[in-house]
Amino acid sequence: MGFVTAADGARIFYKDWGSGPPVLLSHGWPLNADSWEAQALFLAEHGHRVIAHDRRGHGRSDQTWHGNDMDTYADDLATLIDALDLRDLTLVGFSTGGGEVSRYVGRHGTGRVAGIVLVSAVPPFMLRTDDNPGGVPVEVFDDIRAGSVTDRSQLYHDLADGPFFGNNRPGADVSEGIRDAFWLQSMASGHRNAYECIAAFSATDFRGDLDSFDVPTLVIHGDDDQVVPFSVGGSASAARIKDAELKVYAGAPHGITDTHKERLGADLLAFLRREETH
């Protein structure tokens, strides 16, 4: 574990486990690197160096007042990648993290990148606009912002107990421990940071970033995702990215890093090993 220092002096926390071909895991809102524990452990045990960081304003990284936007997140990611001199790197982004790695590629290119995986990710563009009529209405994100201001602790409980893990579906059985871990990580984020990140993940247009992908890409998405709808996220990203592979998890919710951790780990490892043989 350690820290790197961003251009504005913000300290960015990261974990660095195992050895072998490098994989960098970028987490979702409003979580931190701990949300990747199952995949980080699995991949490190199977011959990979796994790096997972806390985005600025989240977890153990500095809670800066400014810089809660995708350009800054991407530049922080570049700082980490450069500081660790990572090469032939596979970038894996979950939810908001998928936006972060996409904007990294858009701003910094793929010179150090061997492959990309988008998991339940927010690209290409979540917000409904005139030129994105299939997107999510702004009122949905306004409600999240209102909940964050009114009682963000309860907001995180409601997300964990309901749509994030699909615990509001008939027959769902998501453990209290998984839901508590979501709440705990979420409360470790800075209030302003988490609030401003709602606009960062919902209103940032990643379509141009996806157009610049020129390395093998795997897109994984549940078709019962109530947070980033499949049609808005995975389906649209896979259609836009040249030669992308799409894996659809039937009936799966947003939080598949927990609910489908064994399947996700196996799919990530298979993608990594395929890239190593090419």
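D243 is exposed, with a relative accessible area of 68%, in this predicted model. This residue is found in the loop between α8 (234-240) and β8, and its phi is positive, at about 60°, although D243 is not a glycine.

**Backbone features**

Most residues other than glycine have a negative phi, and most peptide bonds are trans. Against that background, a second residue invites attention alongside D243: S120, which is not a glycine either, has a positive phi near 50°. S120 has its place in the loop between β6 and α4, and because its relative accessible area is 0%, S120 is buried, whereas D243, with 68%, is exposed.

Two peptide bonds are also worth inspecting. The bond from W29 to P30 is cis, with omega near -10°, and P30 belongs to the loop between β3 and α1. The bond from P123 to P124 is likewise cis, with omega near 5°, and P124 sits in the loop between β6 and α4 (138-161), which is also the loop that holds S120.

**The sheet and its helices**

Strands of a sheet pair through backbone hydrogen bonds, either parallel or antiparallel. Here, eight strands form an open sheet with mixed pairing, in the order β1-β2-β4-β3-β5-β6-β7-β8. Its edges are formed by β1 (2-5) and β8 (245-249), each of which pairs on one side only. From one strand to the next, the twist averages 20°.

Within this sheet, β5 (residues 89-94) and β6 (residues 113-119) run parallel and are joined by six bridges; V92 stands opposite V117 in β6. Helix α1 (residues 37-45) packs on the sheet, where it touches β2 (11-17), β3 (22-26) and β4, and the direction of α1 makes about 45° with that of β2. Helix α3 (residues 96-108) also packs on the sheet, touching β3, β4, β5 and β6, and its direction makes about 140° with that of β5.

**The cavity**

Rolling a probe the size of a water molecule over the atoms shows where empty space is left. A search of the whole structure finds one cavity of 30 Å³ or more, and the largest cavity holds about 40 Å³ of space. Its lining consists of K15, W17, A33, E37, A40, V50, I51 and A52. The elements that contribute two or more residues to this lining are β2, α1 and β4, and β4 gives the most, with three residues.

**Three residues in their surroundings**

The table sets out the relative accessibility of three residues, each of which is then described in turn.

| Residue | Relative accessibility | Class |
|---|---|---|
| S61 | 5% | buried |
| N193 | 3% | buried |
| V248 | 33% | partly exposed |

S61 is found in the loop between β4 (49-53) and α2 (70-83). Although it lies in a loop, S61 counts as buried because its relative accessibility is 5%, under the 20% limit for that class. A polar atom of its side chain lies 2.5 Å from the backbone oxygen of D54. Not counting residues up to four places away in sequence, S61 touches R11, I12, F13, D54, R55 and R56, so D54 appears both among these neighbours and as the partner whose backbone oxygen lies 2.5 Å from the S61 side chain.

N193 lies in helix α6 (residues 191-203), and, with a relative accessible area of 3%, it is buried. A polar atom of the N193 side chain lies 2.7 Å from the backbone oxygen of T64. Leaving aside neighbours within four places in sequence, N193 is in contact with G57, Q63, T64, N68 and Y73.

V248 lies in strand β8, one of the edge strands of the sheet. Its relative accessibility of 33% makes V248 partly exposed, since that class lies between the 20% and 50% limits. Its contacts, again leaving aside neighbours within four places in sequence, are with H221, D223, F230 and R263. V248 and E262, which are 14 residues apart in sequence, stand 15 Å apart in space, C-alpha to C-alpha.

Technical notes
Residues are numbered from 1 along each chain as its sequence is written. This is a predicted model: local features need pLDDT of at least 70, side-chain atom pairs count only at pLDDT 80 or more; totals for chains, interfaces and linings use all residues. Side-chain values use heavy atoms; hydrogens and water are left out. Helices (H or I, at least four residues) and strands (E, at least two) are DSSP runs, numbered from the N terminus. Buried means under 20% relative accessible area, exposed over 50%, partly exposed in between (1.4 Å probe, protein chains only). A polar contact is a pair of N or O atoms within 3.5 Å; within protein, one must be able to donate a hydrogen and the other to accept it, and residues adjacent in sequence count only if both atoms are side-chain atoms. Contact means heavy atoms within 4.5 Å. Two strands pair if DSSP finds at least two bridges between them. Axes are lines fitted to C-alpha atoms, for helices over the stretch in contact, and angles run from 0 to 180 degrees between N-to-C directions. On a 1 Å grid over the protein atoms alone, a cavity is a set of points where a 1.4 Å probe fits but cannot get out, and a pocket is an open set with protein on both sides within 12 Å along at least five of seven lines; lining residues have an atom within 4 Å of a point. Grid points are joined across faces, edges and corners, and a volume is the space filled by probe spheres set on the points.
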